[in-house]
Amino acid sequence: MITATNLSKVYNGNKVLDIEHLEIPSGQNFGLVGNNGAGKTTFFSLLLDLIQPTSGNIFNNEITVSESEDWKPFTSSFIDESFLIGYLTPEEYFYFIGELRNRNKADIDAFLTQFEDLFNGEIIGRKKYLRDLSKGNQKKVGIVAALIGDPEVVILDEPFANLDPTTQFRLKKLLKDLSQTTGTTVLISSHDLIHVTEVCERIVVLDKGVIVRDIETSEATLNELEEYFSAEIAES
Amino acid sequence: MFKKFLWLEFKSFFRSASFGKSLGLKILMAFLALYFSVMFLSLGVGMFPLFKELYPERDPLKVVNSFMLAYFVFELIFRFLLQTLPVMDIKPLMVLPVKRSKVVNFVLVKSLFSFYNLLPLLLFIPFGLYCIIVEDYDSGSMLGWMIGVYASILCINYLNFIIKKRFTENLKALIPLVVIALVFVLLDYLGIFDITHYFGELFNYLVANPLMALIPVALLVLLYLWNFQNLKGKFYLDAGLKAKSKEVNIREYGWTKRFGSIAPFLQQDIKLIWRNKRPKATIYMSLLLLGYGLLFYPNDTYQGMPAFFVFVGIFITGIFMINFGQFVPSWDSSYYPMIMAQNIPMRQYLASKLGLITFSVVVLFILSTPYVYFGWEILLLNFACALYNMGVNAPLLLFAGSFNKKAIDLDKSPFMNYQGTGASQWLVGLPLLLIPIFFFWIINKFVNYEVAVGFLAILGVLGLILRPGLLNYLALRYRKRKYVMIQGFKQKGD
């Protein structure tokens, strides 16, 4: 589904991302982990054509993302608050996204009923603008909006951060079901090794922009990751 | 500690995102500052001889004193509209071992070094010195007078902050005060209660008893302390964090559905305008400036210059277009990455902006039809101008907009707000107005009025016919500039 070749991004002579080849097959639940500055958000931004690659290309379903807009109809994402429109209420925001993805109001209302638990009565019908919601609730809105319209590719940057524990469990289940039942390709990044290993079938570890591990998730994965990330501390 | 604060201020100024980027704006501001300084200084020096000539039978100092109230009121209004309390970013300081009172003192003292406080110095000190040196007034009384006047002006400085704090959130509460002020003005005007005179007498008394200068100084200290209390009480996070419980009104704007594929965006833009301070102000501004024609149409000076009416026509039918269009796409800056990553073709995004602008031109033209009172040819000209705005100027503005890369904070007041303003905003205004005026002027001069009007209309219609092609071109440009825009919109600050 997604292929990156010779992809690199250089800021002021600093190579922040350097991926020779990465292929994510359709329907995979893909996790990206790495420390701060490892290049996770850079990779997602490149994938969404929000920044330009210094070299190489990313193909989303064989479409070169930096050259055509045709990937937009089947790709949706939530990176940060800049994906929310602050002066809309959550409902209006959902309807707006719905309209962009050919879903009418009734479709959206039906779609939202499955998230009633997740929203915990704090989002729908409160007559509040998105900018007045708490960080966690904003995040819920952004994630749910990214699922509108049955996208084939869903990209979520740090979906677990800022969420309360219950919501984290709900979200994990949601993401697992998503790729299993509908065959959606899900790309997430996280700092939480436990969450990623639970959700993702495959985990790629980035360090300073380079892929250092590419693991099919198994029982041993969590240990392996913990070992990797604590190695530096163990040495010293 | 003050030194550390100054260091912080210095850094925040020179490291702000836009420093050095908006050189043109800085030059303009510097020019304005210089202009006003020179004006005030020359007035300060020349005031005495000037009043002597205007009111030969009266003491110029007393004349100046009698204008004092008017001056103070004017200054207060001016400051209320333009001056803001210089704030510091206090959040990071709150958990550090810095005394609250120190930060507050710093903010308050800093406000003294504002340009608004420098200008009166340039006016009153030269005047006072002139009185002493040239006119041989008693130096002791004049010194008292200067101190008294300047202390009163600084009182206005702090009074303004108090008024602002109380009333900016709730402008309606200001109405009774304005009414009272108007009553005084009226009483004064009718000669029933001459308040300016009595106020002037106070300053005459000050000249006679220079020690009375201590009263305004004491008042200044009191106002300072009042501000100090106010600010210190605000020095908690929850002052800024408290949840707004106000329910928002949710309107559907269902009628936008008629516009087909651009409907959701149109609805979006209407909400954008209606729910945010700054874009909302463009609406009021447009309605206000509709009256602009009244200044020109009845005026005999312009009757021989119909090219001037082109300016008026473009302006009144296009004022919303200019105010709104010049900041496309900066209005959407806070969520521009989303617009770019969502399923929104660039062309459709731009088409909806053009649609909104076109719609505004139509509405403003309809509202301007009463100007037919000044003659059919005016209505005809305005119609041609409206067409020209829709066909030529609107795409031109969007083209200029592709150079925008500065974010706009939607909720800031629009008065003297240059956020998001760059060179392109200054440059684009000229061709919008000058090109049609030039064409009109040439044709009107060598052919006739009707053909000139027709020519503008035809240009407009041509633009409307070519719109699909223009849109493709614009979409291409915006796509090319996309990365620069996303990058630029991330940087906050003025």
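Two strands count as paired if DSSP finds at least two bridges between them. Keep that in mind for the hairpins below; the model you're working with is a predicted one.

**Exercise 1. Find the hairpin formed by β9(A) and β10(A), and say what its turn looks like.**

Step 1: check the pairing. β9(A) and β10(A) run antiparallel and are joined by 6 bridges, which clears the cut-off of at least two.

Step 2: pick a pair of residues to look at. A:L206 sits opposite A:I211 in β10(A).

Step 3: look at the turn. There are 2 residues between the strands, and A:K208 in the turn has a positive phi of about 50°.

**Exercise 2. Place that hairpin in its sheet: what is the strand order, and which strands stand at the edges?**

Step 1: write down the order. The open sheet has 6 strands, β6-β7-β8-β3-β9-β10 of chain A, and the pairing is mixed.

Step 2: read off the edges. β6 (75-78) and β10 (210-216) each have a single partner strand, so one side of each has no neighbour in the sheet. From one strand to the next, the twist averages 15°.

Step 3: find both senses of pairing. β3 (residues 29-33) and β9 (residues 202-207) of chain A pair in the parallel sense over 4 bridges, while β9(A) and β10(A) run antiparallel. Along the parallel pair, A:F30 has A:R202 as its bridge partner, and A:V33 stands opposite A:V205.

Step 4: add the helices. α1(A) packs on this sheet and touches β3, β7 (153-157), β8 (185-190) and β9 of chain A, with its direction at about 145° to that of β7(A). Helix α5 (residues 135-146) of chain A packs on the sheet too, touching β6 and β7, and its direction makes about 175° with that of β6(A).

**Exercise 3. Do the same for the sheet of 4 strands in chain A.**

Step 1: get the order. This open sheet runs β2-β1-β4-β5, with antiparallel pairing.

Step 2: get the edges. β2 (14-24) and β5 (63-64) of chain A have a single partner strand each, so each has one side without a neighbour in the sheet.

Step 3: zoom in on a pair. Strand β1 (residues 2-11) of chain A and β2(A) are antiparallel over 9 bridges. A:Y11 is bridged to A:N14, and A:K9 stands opposite A:L17. The two strands make a hairpin with 2 residues between them, where A:N12 in the turn has a positive phi of about 45°.

Step 4: bring back α1. Helix α1 (residues 40-47) of chain A packs on this sheet as well as on the one with 6 strands. Here it touches β1, β2 and β4 (55-60) of chain A, and its direction makes about 120° with that of β1(A).

**Exercise 4. How do α2(A) and α3(A) pack?**

Step 1: get the geometry. α2(A) and helix α3 (residues 105-113) of chain A pack at about 120°, with axes 9 Å apart. That angle makes α2(A) oblique to α3(A), and the crossing is right-handed.

Step 2: list the residues. A:F94, A:Y95 and A:G98 in α2(A) meet A:K105, A:D107, A:I108 and A:L112 in α3(A). By class, that's 4 nonpolar, 1 polar and 2 charged.

**Exercise 5. Now take α15(B) and α17(B): what is the angle, and which residues meet?**

Step 1: geometry again. Helix α15 (residues 306-325) and helix α17 (residues 346-368) of chain B pack at about 150°, with axes 7 Å apart. Angles over 145 degrees count as roughly antiparallel, so α15(B) is roughly antiparallel to α17(B). This crossing is right-handed.

Step 2: residues. Among those in α15(B) are B:I316, B:F320 and B:F324, and the partners in α17(B) include B:I357, B:V361 and B:L364. The contact has 8 nonpolar, 5 polar and no charged residues.

**Exercise 6. How many residues does each chain give to the contact between A and B?**

Step 1: count. Chain A gives 25 residues and chain B gives 24.

Step 2: find the top element on the chain A side. Helix α2 (residues 90-100) of chain A gives the most, with 3 residues.

Step 3: sort by class. The chain A side divides into 13 nonpolar, 5 polar and 7 charged residues.

How values were computed: Residues numbered from 1 in each chain as written. Chains lettered and ligands numbered in written order. Predicted model: local features only at pLDDT ≥ 70, side-chain atom pairs only at ≥ 80, totals over all residues. Axes fitted to C-alpha atoms, helices over the stretch in contact; angles between N-to-C directions. Parallel < 35°, antiparallel > 145°, perpendicular 65-115°, else oblique. Left-handed = near helix turned anticlockwise from the far one by under 90°. Contact = placed C-beta atoms within 7 Å. Nonpolar A, V, L, I, M, F, W, Y, C, P; charged D, E, K, R; others polar.
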